[in-house]
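Grab a coffee and work through these exercises with the model open beside you. Try each task before you read the solution under it.

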Amino acid sequence: MTSAVAVRLANVSRHFEAGGGLVRAVDGVSLSLPRGAITALIGPSGSGKTTLLSLVGGLLPVTAGVVETDGIDLGTLDQAALTAFRLHHLGIVFQAFHLIDALTVAENVELPLTLAGVRRPDARRRALALVERLGLAARADVLPRVLSGGEKQRTALARALVLDPPVVLADEPTGSLDAAAGEDVITLLQTEATAHGRAVIAASHDPRLLARADRVVAMSFGRVV
Amino acid sequence: MAFDRVRVTITVAGIGFAVLLMLFLAALYDGVRTEANGYVSSRPVEAWVAQEGTTNFIKSTSLLSAAEADVLAQVDGVREVSPLLRVITTARVGERQVTVILLGVDPRSATGRPEAAEGDMVPSAGEIVFDRALARQHGIHVGDTLVVQGRPFRVIGLSRGTNSVLTQFAVVTLEDAQLLLGMSDMASFFLVRGIEGLPPEALVARLAGQVPRTAAFTHADFSANNMRELRGGLLPILATVAVLGAVVGLAVLTLLLYGAVLEQREIYAVLKAIGAPQQVLVRLVLFQSLAAAGGGFLFGALGYAVSAPLVVRVVPAMALSLSADALVAVGLATCLLGGLGAVLPLRRVRRVHPAELFRA
Ligand SMILES: Nc1ncnc2c1ncn2[C@@H]1O[C@H](COP(=O)(O)OP(=O)(O)O)[C@@H](O)[C@H]1O
Ligand SMILES: [Mg+2]
């Protein structure tokens, strides 16, 4: 049932009404992205990378075209189904981390497990195992505000991965990190793609990420070039 | 989740004051029920006779000829009939004018005698028994002298159950009340005691029609009618103020919870992005709303416990009596407030968009 294709876009457009004009943020894009690989999405600022990721993750509806993520046609899902789809099929990593400040590292990672109905001791155990795998064992019970940028992004990555999603979306994942921490996160993303067979799609300006990507998709004015 | 302490305090205090207001109104309502109808409901009689058309004690002009008591006393099954004359007048206490309802009663009969708080309850000519709340309010003590329409009256006792909140009762002899009214042989009601074992309904049936243009009531009916009049006038006013208080509480809760949602929108966006179902978000907002309402209820209940005795000391006529039922009712109203307070914030949460999170 699982094909080698994780994400398929057929003639996908997303337009915005802005300031009286029409912005073609994504404009007639067709793509197939593989599992077990990192796809780097590059292009100048405003070229539509983030919008494309949002469409793949079902965070925005398309204006036209078909988005199929992990074999599911997102156009057929209602809001509740899209939410459930994100929980079980998708991991998302943001440039600004977006951890929940009031929860500890382990609790942040536990959150998707709790939402998926996994009971407390089990959820805690699974979260801690992943936290340890990502090198955060010593930080499990601290609040995000005492973490370094690299640790925050690793926590966010753990939260994205804890339900073992086939597709991981990352928007400028190294954009807020120093060189060493950025390197670290790229290595982790690569491991997730190759060792765990996930489709990792990362929008990035980072040349190191570009260098380690299995595939590069370049965008300009909403189109793939 | 992230709670701002000042915000939580303001919310809880805002709801708390609304709860406090509701508790005061509920207590006033109950107080009126027990205190204001106290004198009428505690008469040791089986029946009342009033002028035709009069159904209650408080809101009526009942005029009878006192001599008709003798006619009624002859009725089979009647043990005792005593006239009661009600006169609204002004008593002068030093420089102060105090409006009271004077009750002229037969001093030899127990039927008109009020419940004692202090001193003697059986006036002779030139003596008066005063409501204790009104006495406290105007600094009147047993032994003081009041002037009513130029006549001096010595205060011989203070009574309870004679405070109908808006006006209070004072008891004098029937003759004194008739003198003040300027009409001898006048009465407002006859208080009737039946013989042992005769049901009040049977007594009323025998009294009916014995004197032209009068109506007889069982004590239970007359007391219930009076209660209905008291409540009917007061309840809509208290209920309106209570609802206004609740609306203000609701506005405070909604406003502050709405602010909290705006402040926590990142959290809601993250929850949506990682796949939290709608119920989880609803529960999160509802929990905050109900917690604030619960805190407000505790605040208001504590506030009532502390302030009610002080209020009664400052305004003695304020008949406050908070029943367990009223407390439960206000608690339920506060719960409802908590639920309603979540409505607008939840609509705002619905509009939080997870795609916002990509903007760094
Ligand atoms: N919600 C929106 N409303 C209006 N215009 C938008 C919105 N989101 C993105 N855009 C516009 O779409 C274009 C692509 O934006 P984006 O996908 O964020 O590009 P990138 O991530 O490559 O910088 C930009 O011109 C941007 O201003
Ligand atoms: Mg972008």
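Buried area here is the accessible area, taken with a 1.4 Å probe, that two parts lose on being put together, summed over both. Keep in mind that the model is predicted.

**Exercise 1. Work out how domain 1 and domain 2 of chain B meet, and how much area they bury between them.**

Step 1: get the bounds. The domain assignment splits chain B into domain 1 (5–36 + 234–358) and domain 2 (38–228).

Step 2: place them. Over C-alpha atoms, the centres of these two domains of chain B sit 45 Å apart.

Step 3: list who takes part. With contact meaning heavy atoms within 4.5 Å, nine residues come from domain 1 of chain B and 14 residues from domain 2 of chain B.

Step 4: get the area. The two domains of chain B bury about 1,000 Å² between them, and 55% of that is on carbon and sulfur atoms.

**Exercise 2. Now do the chain A and chain B interface: how much area is buried, and which three residues of chain A supply the most of its share?**

Step 1: pick the yardstick. Interface size is often quoted as the accessible area lost when the parts come together.

Step 2: apply it. Chains A and B bury about 1,800 Å² between them, with 75% of it on carbon and sulfur atoms.

Step 3: find the big contributors. L59(A), H98(A) and L115(A) together supply 30% of what chain A buries against chain B, more than any other three residues.

Step 4: count heads. Chain A puts 20 residues into the contact and chain B puts in 19 residues.

**Exercise 3. Describe the surroundings of ligand 1, and say which chains they come from.**

Step 1: collect the shell, using a 4 Å cut-off on heavy atoms. Among its members are F16(A), P44(A), T50(A) and R359(B).

Step 2: read off the chains. Residues of both chain A and chain B surround ligand 1, so the site is shared between chains.

Step 3: sort by class. You should find four nonpolar, six polar and two charged residues in the shell.

Step 4: look for polar atoms by oxygen atoms of ligand 1. A backbone N or O atom of G46(A) is 2.7 Å from one, a polar side-chain atom of K49(A) is 2.9 Å from one, and a polar backbone atom of G48(A) is 3.0 Å from one.

Step 5: check the cover. Ligand 1 on its own exposes 550 Å², of which the protein buries 65%.

Step 6: assign elements. In chain A, β2 (21–34) and α1 (49–56) are the elements giving two or more residues to the shell; α1(A) gives the most, with three residues.

Definitions and conventions:
Residues are numbered from 1 along each chain as its sequence is written. Chains are lettered from A and ligands numbered from 1 in the order in which they are written. This is a predicted model: local features need pLDDT of at least 70, side-chain atom pairs count only at pLDDT 80 or more; totals for chains, interfaces and linings use all residues. Side-chain values use heavy atoms; hydrogens and water are left out. A polar contact is a pair of N or O atoms within 3.5 Å; within protein, one must be able to donate a hydrogen and the other to accept it, and residues adjacent in sequence count only if both atoms are side-chain atoms. Accessible areas come from the Shrake-Rupley method with a 1.4 Å probe; for residues, only the protein chains shown count as cover. Helices (H or I, at least four residues) and strands (E, at least two) are DSSP runs, numbered from the N terminus. Ala, Val, Leu, Ile, Met, Phe, Trp, Tyr, Cys and Pro count as nonpolar, Asp, Glu, Lys and Arg as charged, and the others, Gly among them, as polar. Domain bounds come from an automatic or database domain assignment.
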